[in-house]
Amino acid sequence: STIDPSLPPLKPVYEPKDASAPRDESPRLAKLISTLQLQQHIEGGYFVETDRDVNRVPNPFLNTSPSASDNEQTTFYTSTGAVSANLSNKLTDADKNTNTTAQSEAGQDKTRNASTSIHYLLTPESPMGAFHRNRGRTVHTLHRGRGRYVIIHADEVMPEYDSHSGIRSKARVESFIVGQNVEKGEKLQWIVDGGKYKSSFLLPLEGEDPANNQGLLISETVVPGFEYSDHDFMRIERLEALVTKEQADEMRWMLRK
Ligand code: GUN
């Protein structure tokens with residue numbers, strides 16, 4: 001992989017289908033989906049919200065840009081070491097006085113639910129969660145199955161040669177496998193901080209016939225609670241700007257169609 005030499009290239013084991021294509025899940029997965037009352041997720045996969053804390057906390061994202069934040073603190077890696085820069089897109093006082101529209105836009109609520117939790121399922125018929133980011137920090141816990149995650153740290157940028165455009169700043173990209181085989185480095189629990197792009201796809205269990213896959217079932221807890229106004233999808237232009245040409249070519253299929 002151009003992202004992690006110790007892992008195979010990012011290639012789908014189960015081909016993602018168009019969002020409109022019919023899903024023909026195995027009887028066991030169909031039963032799991034109906035028992036847990038899972039719905040199709042716009043990212044791909046299935047989900048159900050299992051908890052939304054009625055306790056409300058101050059909205060920590062107030063007065064940041066309308067899209068999910070490119071974190072306030074971006075780390076640049078230079079030959080002389082890492083330096084941090086405040087690239088906040090917080091509105092200035094001047095913006096606040098003139099930009100009354102932004103104040104009333106979705107996402108500018110004064111409070112958020114303290115946390116929300118979901119079950120999330122990938123299946124052979126809906127095997128990929130497309131690249132997106134949330135403003136909130138997300139704690140993931142594995143229940144069953146196996147998958148691969150890719151995280152683009154849009155807030156950690158370093159100079160890197162890009163064959164397409166020459167030297168320019170590129171974000172750190174991370175990939176790991178989630179699964180029960182902790183001795184082989186598979187993760188049972190993983191945390192994705194707010195502002196980072198995330199995608200995931202289904203893998204077969206080792207030694208399993210890929211045709212018998214029973215899905216990847218996890219839980220996710222977001223703090224503060226999930227709101228659509230804190231969520232956005234990666235676009236092709238942003239992907240190509242954040243990573244090298246080779247990495248973008250390896251990850252293009254993980255964008256929302
Ligand atoms: N509604 C749509 N997507 C999500 C999500 O990822 N989490 C929660 N809690 N609700 C959602």
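Let me start with Leu142, whose bridge partner in β14 is Ile218, in what I should say at once is a predicted model. That pair belongs to the ladder between strand β9, residues 137-144, and strand β14, residues 216-223, where 7 bridges join the two strands and the run is antiparallel. On to the other neighbour of β9, which is β12: these two pair in the antiparallel sense as well, over 4 bridges, and here Thr141 stands opposite Gln189 in β12.

If we now step back to the whole sheet, 6 strands form an open arrangement in the order β1-β2-β7-β14-β9-β12, with antiparallel pairing. The edges are β1, at 39-40, and β12, at 189-192, each of which pairs on one side only. As a general reminder, strands of a sheet pair through backbone hydrogen bonds, either parallel or antiparallel.

Moving along the sheet, I would like to look at β2, residues 46-52, and β7, residues 116-122, which are antiparallel to one another and joined by 6 bridges. Within this ladder, Asp51 stands opposite Ser117 in β7. These two strands also bring us to the ligand, since β2 and β7 each supply at least two residues of the shell around it.

What surrounds the ligand? The shell consists of His41, Phe47, Glu49, Thr116, Ile118, Phe226 and Tyr228, and by residue class it divides into 4 nonpolar, 2 polar and 1 charged. Two polar approaches deserve attention: a nitrogen atom of the ligand is 2.9 Å from an N or O atom in the side chain of His41, and a nitrogen atom of the ligand is 2.7 Å from an N or O atom in the side chain of Glu49. Taken alone, the ligand exposes 270 Å², of which the protein buries 91%. As for the site itself, the ligand sits in the second largest pocket.

Finally, two backbone details that you may wish to find in the structure. Where does the cis peptide bond lie? The bond in question runs from Val223 to Pro224, and its omega is near -15 degrees; Pro224 itself is placed in the loop between β14 and β15, the latter being residues 231-233. The other detail is Gln37, a residue other than glycine with a positive phi, near 55 degrees, and Gln37 is located in the loop between α1, residues 27-35, and β1. That loop therefore leads our eye back to the sheet, given that β1 is one of its edge strands.

Terms used
Residues numbered from 1 in each chain as written. Predicted model: local features only at pLDDT ≥ 70, side-chain atom pairs only at ≥ 80, totals over all residues. Heavy atoms only, no water. Pairing = 2+ DSSP bridges. Near = heavy atom within 4 Å. Polar contact = N/O pair within 3.5 Å; in protein donor to acceptor, adjacent residues only side chain to side chain. Areas by Shrake-Rupley, 256 points an atom, 1.4 Å probe, with all protein chains shown as cover. 1 Å grid on protein atoms, 1.4 Å probe; cavity = no way out; pocket = protein on both sides within 12 Å on 5 of 7 lines; lining within 4 Å. Sits in = over half its atoms within 2 Å of the grid points. Nonpolar A, V, L, I, M, F, W, Y, C, P; charged D, E, K, R; others polar.
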